[in-house]
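Trainee: Could we take a close look at one loop and then work outward from there? I'd like to hear how it fits in with the parts around it.

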Amino acid sequence: MIYLDHQATTPADARVVEAMLPWFDREFGNAASRTHAYGWRAEAAVEIAREAIARAIGAREPAEIVFTSGATESDNLAILGVARAARARGADHVVTAATEHRAVLEPCEALAREGFHVTVVSVDRDGLVDPGAIEAVLTERTALVSVMAANNEIGVLQPIDAIAAICRARGVLFHSDAAQAVGKVPLDVASSGFDLLSLTAHKLYGPKGIGALYVRSGRPRVRIEPLLYGGGHERGLRPGTLPVPLIVGFGRAVEIAMAERDSEAVRIAALRERLFERLASVGGVARNGHATARLAGNLNVAIEGIEADALVVALRDVALSTGSACSS
């Protein structure tokens, strides 16, 4: 089959698998074991990966990276954790966008059931959020704004730097789901003023089941109420034994992606445009989302008079999707 569904998941790079293998059997220590060499070596491997991920997004300190099971957990920890912590000071308003992943929209719906006020901002015909629309709905009770960096279906790149600047000026925390963006487009959380950023490994040729949440350190403090308790791992924000092989794989995948990002973006964007030109030559084919403010590897089209699901079923030798795997 021809695989065209890399925004759902990617195969693990052979170099990533090679880096992971020793940590399944020969180096099997628990990274929290502080009394012997097996634990020390496991902890050191985790910290090397943490440093690589921190460098990739411009974090000031490796400790700002909190490992989770993936971007879905990171999104939930950021949104539910920040909102519930903010409620004590009377901040009970959360803002997001209509085109967010379900891992953002459903936690917001859960907050609404808890009595929070949730504002969902629309996007324009290109799929982009207007930063002015975000600013217009902020109030003194707004605790958090969450807008993704790169859309998981139509691939558009949101103006997150502008939104982060607005939030910073208003004293509102800003979170972005960057699962589709890390390793593909430049990200600098420190200079852009992000407070929280969700990441995952399996969108950039790393293993499934491992992700991270960037949590800004320093003042003003980002207060988060944990979703889980027990053990005090990861700054007390995410307890549980760390999956060392997966973390090592995550770190290696990020290193490879950063080293090859710019050249790969040029190559893949050229392939994307070639594919669109061939499809468009048939007639009745329109591109969904902004033509240039998008991921190099994303092409999302509508074909006049054709039901998407019927087309996908008919193309038995091509693996593609009509939307998010999590929504299907």
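Trainee: Where in the chain is the place of Glu234?

Mentor: Glu234 sits in the loop between β8 and α8. Before we go further, keep in mind that this is a predicted model. Now, the backbone here deserves a look: Glu234 has a positive phi of about 50 degrees, although it is not a glycine. As background, most residues other than glycine have a negative phi, and most peptide bonds are trans. Is Glu234 buried or exposed? With a relative accessible area of 10%, Glu234 is buried, because the cut-off for buried is under 20%.

The loop between β8 and α8 also holds Pro220. Go to the peptide bond from Arg219 to Pro220 and you'll find that it is cis, with omega near -10 degrees. So don't skim the loop: check phi at Glu234 and omega at the bond into Pro220.

Step back to the loop between β7 and β8 and you get to Tyr205. Here's another non-glycine residue with a positive phi, near 70 degrees for Tyr205. Its setting isn't that of Glu234, though: Tyr205 counts as partly exposed at 36% relative accessibility, whereas Glu234 is buried at 10%.

Next, what do the elements flanking these loops pack against? Follow α2, residues 37-57. Its buried residues pack against β7 (196-200), β8 (211-215) and α8 (244-280), and also against β2 (65-68) and α7 (189-192). So the strand and helix on either side of the Glu234 loop both belong to the surroundings of α2's buried residues.

As for α2 itself, it has 21 residues and runs 31 Å from first C-alpha to last, close to the 30 Å expected at 1.5 Å a residue. Which of its residues are buried? Gly39, Ala42, Ala45, Val46, Ala49, Arg50, Ala52, Ile53, Ala54, Ala56 and Ile57. When you look down a list like that, remember that an α-helix has 3.6 residues a turn, so residues three or four places apart point the same way. Just past the end of α2, Gly58 takes a positive phi of about 75 degrees.

Let's zoom in on α2 with α8. Two packed helices are described by the angle between their axes and the distance between the axes. For α2 and α8, the axes come within 8 Å and cross at roughly 35 degrees, and the crossing is left-handed. On the α2 side, the contact uses Ala42, Ala45, Val46, Ala49, Ala52, Ile53, Arg55 and Ala56; they meet Val244, Ile247, Val248, Phe250, Gly251, Val254, Glu255 and Met258 in α8. Sorted by class, that contact has 13 nonpolar, one polar and two charged residues.

For another helix pair, try α3 (residues 71-86) and α4 (residues 102-113). They pack at an angle of about 30 degrees, with their axes 9 Å apart, which makes α3 roughly parallel to α4. This crossing is right-handed, whereas α2 passes α8 in a left-handed one. From α3 you have Thr72, Asp75, Asn76, Ile79, Leu80 and Ala83, meeting Ala103, Val104, Pro107, Cys108, Ala110 and Leu111 of α4. The class split is nine nonpolar, two polar and one charged.

α4 has 12 residues and spans 16 Å, close to the 16 Å expected. Its buried residues are Ala103, Val104, Leu105, Pro107, Cys108, Ala110 and Leu111, and what covers them includes α3, β3 (93-97), β4, β5 (142-146) and β6 (173-177). Just after α4 there's a glycine again: Gly115 takes a positive phi of about 105 degrees.

Since β4 came up, finish in the loop between β4 (117-121) and α5 (131-137), where Leu128 lies. Leu128 counts as buried at 16% relative accessibility. Beyond its sequence neighbours within four places, Leu128 is in contact with Val123, Val156, Leu157, Gln158 and His290; its C-alpha is 7.1 Å from that of Val156, 28 residues apart along the chain. Asp130 is found in the loop between β4 and α5 too, but it is partly exposed at 47%.

Conventions: Residues are numbered from 1 along each chain as its sequence is written. This is a predicted model: local features need pLDDT of at least 70, side-chain atom pairs count only at pLDDT 80 or more; totals for chains, interfaces and linings use all residues. Side-chain values use heavy atoms; hydrogens and water are left out. Axes are lines fitted to C-alpha atoms, for helices over the stretch in contact, and angles run from 0 to 180 degrees between N-to-C directions. Helices (H or I, at least four residues) and strands (E, at least two) are DSSP runs, numbered from the N terminus. Angles under 35 degrees count as roughly parallel, over 145 as roughly antiparallel, 65 to 115 as roughly perpendicular and the rest as oblique. A crossing is left-handed if the near helix is turned anticlockwise from the far one by less than a right angle, and right-handed if clockwise. Contact means heavy atoms within 4.5 Å. Ala, Val, Leu, Ile, Met, Phe, Trp, Tyr, Cys and Pro count as nonpolar, Asp, Glu, Lys and Arg as charged, and the others, Gly among them, as polar. The expected span of a helix is 1.5 Å times one less than its number of residues. Buried means under 20% relative accessible area, exposed over 50%, partly exposed in between (1.4 Å probe, protein chains only).
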